[in-house]
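Visitor: I would like a close look at a single part of this model, namely its aromatic rings.

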Amino acid sequence: MQKTVLLPVTYTKPVRADRAVRRRQGAGQHGDRKLGLSHLAFFRGCLQGLAIDDMASRYLLDLPKDPRVIRATFFWIRSVLINASAKHNAPHYAGLLLRNPALIKAPALPTLDDFAQQFPEDFYQEAELLALYREQYPAARAGTRRARLISRLLEAVRWLEPLTVSEPHPDDHLAAWFDPALAKRLLRVGVVSLGDLTRLIDIRGYRWWVTVPRLGEEGARRVVLWLQQHVAGFESRLGRRARVPIRQLTSAVIAARPKEMAVVPLEYLSIRDADLDGTLGTNRAPVSNCQLNALNDLAAIHAWLDTMLTDRQRADMDPKEKNHTWRAYRKEVERLLLWAVLQKGKALSSLRVEDCNEYRTWLMDPQLRALWVQNRRVPRWHPEWKPFAGPVSEKGRAYAMAVIDSLFGWLVGQGYLQRNPWSGLGKLAPAEAPQFRKRSLTSAQWDAVRDVVRDWPDSPAKTRMRFVLGLAFSTGLRLSELVKATTGDITHELADDTLTSWWELKVIGKGNKVRYAPLLVPVLAALEHYLLARGLPRDPQACAPSTPLIASLLDEKERLAGKTGERMTENGLYRALKAVFSEAAETVESASQQAAAQLRKASPHWLRHSFATVGLAEGASLKEVQELMGHSDLKTTSGYLTEGKEKLHRAVRLLSERAII
C-alpha cells in the first residue's frame, strides 16, 4: 500500500521550509534555483497521493534520499508556483495551491455493489440506487470532493507550467539544477556548469566520479540519468560508456568510431591516398623480395608490432591487454606515421635522412600545439585525443629514435624497404644513467608500509594486500606481470637429493622472454591464506590453471553465490598500492617529512626497484639480479648498484678530515 502524502494546510510552515531550503540552496550566490519539468512531475505525483519518496526517486535524481530535503523541495516548488500565480494575476491559483487533498478524509465505506445487495435484484434503477447510497452515506461525497480538488490543482499546475519552467542549458550553474551539497562537491573539483559536468563525464567515462569527494557509484549513476533526460546531445556523445563500466564493454563498443585521415590513434587511421599510404613509397623494395603480406606502411607497422606479442596477447584484441613494450613502441611509430602523412605530406616509406632529422628536431616542440598536444589526459577513443602531452625530453627523443630505428631495420630485413634512413643520423647526447635508488623504498619506509597493512582490521582487502606486497617485494615483478600471474604459472620442483624443493612462478616479461621468480615460504603461506579466503583450494596447484593470483574483491552476495573474483586490473592494483603508500606516509610524517613525501610520490614500480636494490646490497651478483628482473641489458641492472657511490663518499669524507687544519 502506498504511503499517503500529508502536508500542512497552513501557510506558516511552508514559508519556514521555503526559507530553509533557499538557505540550503545558497540563494543569492549563483541565482535562484531553476524549476524544471521533472520538478513539476514530482509535484503532480505528490498532489495525487503517491508516495513522496517514490516520486523523488523517479523524478528528482539529484536529491539525496533524505526525507527532510525531499519535503523541503516540495514546499519550494509550491512557493515558486504560488509566487508565479501572484505575479501573473491569478490569486485564485495561489489560494488553491495552499490546499491539501490528503486532508479530505473519508471513512471506510461499503462499495456500491455491496450496498445494492440489501435490495432485491433490479429493485432500483442505477441512478436511484446511487442517490440512495449518497443519502445514507454522506461521507461518500468526500472522495468526490478530493478528486475535484486534485483536478483543479493539476489544472493550476498546467496553467503555471509555461510561466515557471526553464530548460537546462550547458552554461547554467550546477546550483541552479542540482542539490546544493552535490553542487559544492562538484565545484571542489572544478566543475561549475552543466557543460563542465558533461565534458568531465564525456572524457572519463563511467568512473568519472572517483575524484569527486563523497560521491559514490550510485549517486554518479543518478547524475548521469538526469543529464541524459535533460541535456540535449549528451546521449549522442557518450552512449553506453557513461552508463556501463569499461570492463563490461566489448572492444567493438569501446572502439566504435569511424576511421579517418586525421590526427587520430593508429586503430582509427585511414590513408586512402596511394602517394601517402606507402604503396608507391620511394624507398620501397621490389615486391618480389618482400617477406611480408603488407601492401602499405600501416599494414607493415602492424606486422612489426605483432611480433612483440605472445600467442595469448595476439588473440586478445583489446590493446589494454597488450604488454608495455607493445604500447610504448606503438606510441612512437604512431607519432611518426601521423607526422609523416599529415605534417610532412609524405609516406613513411618515402622518408629521407633530412626528413628524419627534421622529425627529431620537431619532437622538441610539436607544432601546431592545438593539433598535436592535448591539455589533459583522455582515452584513445575520445575525439579530443592527441599523440603528445607536450615537448619530448632528451631522454624521450633518444628512446623514440631507438624504437624507430628498430622498426626500419626490421622492415629492411624483411625486404619491405631498401634502406634505413635513420641509420644516417648522428647520436644524441647520452642520457644520464638511471638512479633507481632514488625510486626505491628504504627499510624504514618498507616497515611503515607493512605496519599499516598489519594494523588493518581483518578483511578480504587485508588478506589480499598482505599477499600482494609480499609477492611484489620478493620477486620484483612488474605491475602487468603481477596481474597476469595465474595459479597455472606456479611450478614445484624437487632438488636432486629430493630432500629439498622449491616453488617458482613462471613469468613472461618484455620481449616475451620467460623467466622464473622464486616464491619464498612466507609468500606461499600468504597465498594459501588468500586462496582459502576466496573459497578456493589451499594448494595453488589444485586450483584451475587460469585462476588469477590477484583478484578483484567481492561483495557478500557474490561470495554467497560461489564466485572467486575476476583478475584484478593494472589500474585497480595501482590505485590500491598507491593508497597504502599514502596511508604509510601519514604514519611517518612526524618523524620525517622527506620520507613521507617520497612515500606519497612512490608508485608500485618502486617495489620492483626495491627488490633489485636490496638484492645487490645483500650480495647477489649483477648477472643473477639481471636474470631475476628480466633485463636484456646488464647496464640497466647496474643502475641499481649503490656500493660504488657509498665507497666514493666514504673516501671523500676521509680526505676532508685530513684536509682540515
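Over the ring of which residue does the charged end of Arg534 sit?

Guide: The ring belongs to Tyr530, and the charged end of Arg534 is 4.8 Å from its centre. A charge counts as over a ring if NZ of Lys or CZ of Arg is within 6 Å of the ring centre and within 35 degrees of the ring normal. Another such contact joins Arg33 and Trp76: Arg33 lies over the face of the Trp76 ring, 5.6 Å from its centre.

The model is predicted, so local features need pLDDT of at least 70 and side-chain atom pairs pLDDT 80 or more, while totals for chains, interfaces and linings use all residues. Residues are numbered from 1 along each chain as its sequence is written, and side-chain values use heavy atoms, without hydrogens and water.

Rings also meet other rings, in 17 aromatic pairs (Phe, Tyr or six-membered Trp rings with centres within 6.5 Å; planes under 30 degrees apart are stacked, over 60 edge-to-face, the rest tilted). One of them is the tilted pair of Tyr93 and Trp159, with 5.4 Å from centre to centre and 50° between the planes. Tyr93 belongs to helix α5 (residues 91-97) and Trp159 to helix α8 (residues 141-164), so this contact ties together parts 66 residues apart in sequence. Helices here are DSSP runs of H or I, at least four residues, numbered from the N terminus. Tyr93 has a relative accessible area of 13% and is therefore buried; Trp159, with 34%, is partly exposed. Buried means under 20%, exposed over 50%, and partly exposed in between (1.4 Å probe, protein chains only).

The pair of Trp304 and Tyr329 is stacked, because its planes meet at 10°; the ring centres are 5.5 Å apart. This pair, too, links distant parts of the chain: Trp304 is in helix α14 (residues 297-306) and Tyr329 in helix α16 (residues 324-344), with the two positions 25 residues apart in sequence. Trp304 counts as buried, because its relative accessibility is 3%. Tyr329 is partly exposed, since its relative accessible area is 21%.

Ring pairs can also be joined into a group. Trp339, Tyr359, Trp362, Trp372, Phe388, Phe408 and Trp422 are linked in this way into a cluster.

One more ring-bearing residue, Trp226, is found in helix α11, where it is buried. Others buried in α11 include Ala220, Val223, Leu227 and His230. In general, residues three or four places apart on an α-helix point the same way, because the helix has 3.6 residues a turn.
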